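Please open the model in your viewer and keep the selection panel at hand. The stops below proceed from single residues to the contact between two chains.

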2 protein chains.
Amino acid sequence: MTTLEILRRANNAKTAVALAGSDVKNKALYAMAEAMEKRAPAILEANALDLEGARGAVSEVMLDRLALDGSRIRGMADGVREVAALPDPVGVVLRRETRPNGLMIEKTAVPMGVIAIIYESRPNVTSDAAALALKAGSACVLRCGKEAHRSAAAVVDALREGLSAAGLPQDALGLVEDATRQSARELMTASGLVDLLIPRGGAGLIRACVENATVPVIETGTGICHIYVDKDADLDMALDIVDNAKCSRPSVCNAAEVCLVHRDIAGAFLPRLKERLVDARAARDLPPVELRLDQGAASVTGGVPAGPDDFDTEFLDYILAVKVVDGVDGACAHIAAHSTGHSEAIVTENAAAARRFTALVDSAAVYWNASTRFTDGGVFGLGCEMGISTQRLHARGPMGLSELCTYKYVIRGTGQVR
Amino acid sequence: MTTLEILRRANNAKTAVALAGSDVKNKALYAMAEAMEKRAPAILEANALDLEGARGAVSEVMLDRLALDGSRIRGMADGVREVAALPDPVGVVLRRETRPNGLMIEKTAVPMGVIAIIYESRPNVTSDAAALALKAGSACVLRCGKEAHRSAAAVVDALREGLSAAGLPQDALGLVEDATRQSARELMTASGLVDLLIPRGGAGLIRACVENATVPVIETGTGICHIYVDKDADLDMALDIVDNAKCSRPSVCNAAEVCLVHRDIAGAFLPRLKERLVDARAARDLPPVELRLDQGAASVTGGVPAGPDDFDTEFLDYILAVKVVDGVDGACAHIAAHSTGHSEAIVTENAAAARRFTALVDSAAVYWNASTRFTDGGVFGLGCEMGISTQRLHARGPMGLSELCTYKYVIRGTGQVR
C-alpha cells in the first residue's frame with residue numbers, strides 16, 4: 001500500500017478514535033498489550049531477520065537497541081498498559097467562561113487528528129508511540145528505520161489486532177511500508193493528511209524535516225546540554241552533577257556534552273573533574289571520559305585540545321567538551337551560541353547568579369543545582385513522554401499526552417448576533 | 001539595510017525586551033502611542049504618498065483600508081495604550097510542583113524571541129502587531145505590503161522613538177525595507193533568526209508560507225465559515241444568525257460564506273432566507289446578497305446556480321453559497337471536506353444534534369445558536385488579538401498575548417542526580 005493510501009485510511013479512521021470514550025481506548029490498549037505478548041514468537045522471528053540483516057552494517061550498540069527477547073516484549077506490553085492507566089487528555093476543559101453577552105465559551109482539549117512519527121531502530125518506540133497517540137485520541141502513522149522494519153511490522157500487526165478487539169478501526173494505526181528517504185519525504189509533505197509530524201532520531205533527520213516539511217512538525221531530541229560550574233559552586237556537588245549528567249547514560253539526549261567552568265575556580269575544579277571522570281573511572285574499569293579542553297581549561301588540567309566542532313557536537317559518548325568562561329554572562333553567551341535548547345544547568349550556591357542564569361538561558365529546561373538527566377516526561381510528572389521538544393511552538397521539553405492534543409472553542413448561545 | 005541584517009539586530013535586541021519588566025514595557029507602549037500622535041503630520045504625509053501610488057492600482061475598498069487621518073492615528077495610539085493596560089503574559093507560572101525527589105519544577109511563560117509578521121495594507125496592523133509583540137516580551141520584524149510601505153515606515157519611526165524613551169533598543173522593532181516577494185521569502189527561510197512567523201493576509205500568502213517556510217509559522221485568518229440550520233432550528237433565530245454572520249461585515253474572516261440547510265426544513269426556510277437577505281435588503285437600499293444555490297436549494301428558492309468552486313471560496317463579499325444536506329452528519333461531512341477550520345455554527349433547539357455537531361466539527365470555534373462573527377480575541381476574553389489561528393499546533397482560534405509566548409521549565413534542586 002502506498003504511503004498516501006495509508007495516510008488516507010488513517011484520516012478516514014481518525015474520527016472513530018477521536019470520538020471513542022476512555023473506556024474504549026483503554027480496552028484497546030489492554031488488548032494491544034495482550035496481543036503483543038501472544039504474538040511474541042512471530043515478533044521475535046521478525047526481529048531475528050532484522051538482526052541478521054543489520055549485523056555488520058550497524059554498530060554493536062545499535063544491534064543491542066534493535067534486539068528483542070521475551071522480557072523486552074513484556075516490557076513493551078507493560079508500557080502500553082501504563083498508558084492505559086493514565087488520565088484521558090481528551091475533553092479536558094481548559095477554560096470555561098460566560099461572557100457578558102451570555103455566550104458560554106469552553107476551551108476544550110481535542111485530539112490532533114493524524115500523528116505521524118518517523119523514528120529509527122528501537123522496536124519499543126513502535127508500541128509506545130502508537131499507544132500514546134491512541135490515548136490522545138489520534139490516528140497514528142509510523143515510519144520506522146529500515147533496520148527494524150520487520151520487527152515493527154510484526155508489532156503493528158499485534159497492535160492492530162488490539163484495536164479491532166475494542167471495535168476501533170485497524171486503519172487508525174498504519175506503518176509505512178518501505179523505510180526509504182522517499183517515504184519519509186512523503187510524510188513530510190502530505191499537507192492536509194498529517195496534523196503533526198514528530199521526527200525522533202538524529203540531527204540529520206530533524207534537519208531534513210525542518211527543511212522539507214510542509215506539515216506541522218515538532219522537533220525533538222537533539223541535546224547539546226551544558227553544565228556551568230559557577231565560582232560559588234559547591235565543588236563536590238558540581239562533581240556529582242557533571243559525573244551523573246555525563247556518565248549515567250551518555251547515549252541519551254539529556255546527557256551533558258559541555259562543561260563550562262568559571263575562571264576563578266577552574267584551577268581548583270578541573271583537576272578534580274579529571275580525577276573523577278578519567279582516572280577514577282579507568283581505575284574501576286569503567287570507560288574513562290575523554291576531556292576536550294579549550295585553552296583555558298588545558299592550562300590547568302590534562303586532556304585533548306578541543307577541535308573547532310567540539311562545542312557544537314552531540315557526542316552521545318564518553319566525551320566532554322570543557323571551556324573556561326568569565327562568569328554567568330559568559331556562560332549564557334556561550335550557551336546561546338551553541339546550545340540546541342534542550343537542557344542546561346548551573347551549579348552555584350549564589351541565588352543571584354542562579355536567577356540570572358535561569359532568566360537568560362533560553363532552553364526547554366534550566367536547572368539550578370541538579371543534573372540535566374532529569375528532563376523526562378515521567379520525572380516532570382507528565383506520566384509518559386512522546387519525546388523532548390526542542391522547539392518553541394506548541395510544546396517545549398517533555399511531551400506528554402496533553403501536548404499531543406490541540407484544543408477548540410465550543411460556544412453555546414441563545415441566538416446571539418454581533 | 002538587508003532583511004537579514006534587520007533580523008540579526010532584532011536578535012541582538014531580543015534579550016533586553018525579554019528581560020524588561022512590565023513597567024518598562026508599558027512605559028515604552030505609552031511613549032509609542034504618544035510618538036505616533038506627535039508625528040501624525042509625518043505619518044499623514046507618508047500616507048498621502050502611499051495613497052497616490054496606490055490609486056488606480058487597487059480597489060476603492062483597499063484604498064479606504066489604506067487611508068489614514070488624524071482620527072485613525074489617534075485610534076491606533078489608543079490601541080497601543082490598551083495593550084499597555086493588559087496583564088503581562090511573561091513570567092506567569094503555568095504549573096508548579098515539587099517532585100518526590102525534592103526537585104521544584106516551575107513551568108513558566110517566556111517570550112517567543114523574535115516574531116516576524118507579514119501583512120498587507122492596513123496601517124493599524126503596524127502599531128497593533130508591534131505593541132502586542134513588545135508586551136509579549138519579543139522583538140518584532142514587520143514586512144508590510146508595498147501599497148502601505150511608506151505609511152508603515154513613518155509609523156515604525158514613531159514606535160522606535162517610543163522604545164528609546166523607555167530605554168529599550170530601537171532594533172527590537174524592525175521594518176523590512178522592500179516589500180518584495182524576495183523579502184517575504186527571506187523572512188520565511190531565516191532559520192534561527194525568526195522564532196515565529198505570522199502571515200496575516202490572503203490565502204495566497206498563507207499558502208506561500210506553508211510551502212516555503214522553514215521557520216515556525218502560525219497560519220491565520222482564512223475563513224470559509226459555515227452555518228448549518230438544523231431541522232429543529234428556531235427559524236427566526238436562524239434568519240437572524242445567518243443575516244448577521246453574512247451581512248454585518250462581509251470582508252472579515254469570521255463572516256459566513258456557506259449556509260447548509262436540513263432537507264426537511266429547506267422548503268420552509270430558504271424562501272424566507274431569500275426574502276431577508278435579498279429582497280428586504282434591496283428594498284432598504286442595502287447591497288442584496290447573491291445566493292449561490294446547489295440543486296436542492298434551487299428547487300425551493302431563487303438564486304444563481306452554484307459553480308464548482310463556490311463551496312471552497314472565501315467570498316468576503318455579499319455572496320452566500322447554499323446547500324441542502326441530509327442532517328447533522330451530512331453537514332459535518334461537508335464541513336470536513338470544505339472548511340478552513342475557522343468557525344462554524346449549528347442552529348437547533350435539539351441538544352443531541354448540537355452535541356454531535358460540536359463534537360464532530362473540527363474547527364477552532366464551533367457555535368451552537370450564535371453567529372460565527374463572535375470569533376475574536378476581545379469577545380473571547382483575551383483582551384486583544386494578533387490574528388485567528390486556523391492551524392492546530394500551539395494556538396487555535398484568536399491569539400492573544402499568552403499565545404504569543406512559549407514556556408520553559410525552571411528546576412531547582414539541592415544537588416540531585418539521577
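Select first His394(B), which lies in the loop between strand E14 (388-389) and strand E15 (397-398) of chain B; helices (H or I, at least four residues) and strands (E, at least two) are DSSP runs, numbered from the N terminus. The model is predicted, so that local features need pLDDT of at least 70 and side-chain atom pairs count only at pLDDT 80 or more, while totals for chains, interfaces and linings use all residues. Residues are numbered from 1 along each chain as its sequence is written, and chains are lettered from A and ligands numbered from 1 in the order in which they are written.

His394(B) is not a glycine, yet its phi is positive, at about 75°. Is this residue buried or exposed? His394(B) is buried, with 23 C-beta neighbours inside 10 Å; the term requires 20 or more other C-beta atoms within 10 Å of the residue's own, with C-beta atoms placed from the backbone.

Next, select Asn369(B) in strand E13 of chain B. Its phi is positive too, near 60°, in a residue other than glycine. Asn369(B) is buried, having 22 other C-beta atoms within 10 Å.

Remain on E13(B) and add strand E16 (residues 405-416) of chain A: the two pair in the parallel sense over 5 bridges, where pairing requires at least two DSSP bridges. Within E13(B), Ala365(B) stands opposite Tyr409(A).

Finally, display the whole contact, to which chain A and chain B each give 54 residues; residues are in contact if their C-beta atoms, placed from the backbone, lie within 7 Å. On the side of chain B that touches chain A, E16(B) supplies the largest share, 11 residues.

How values were computed. Contact = placed C-beta atoms within 7 Å. Buried ≥ 20, exposed ≤ 12 C-beta atoms within 10 Å, placed from the backbone.
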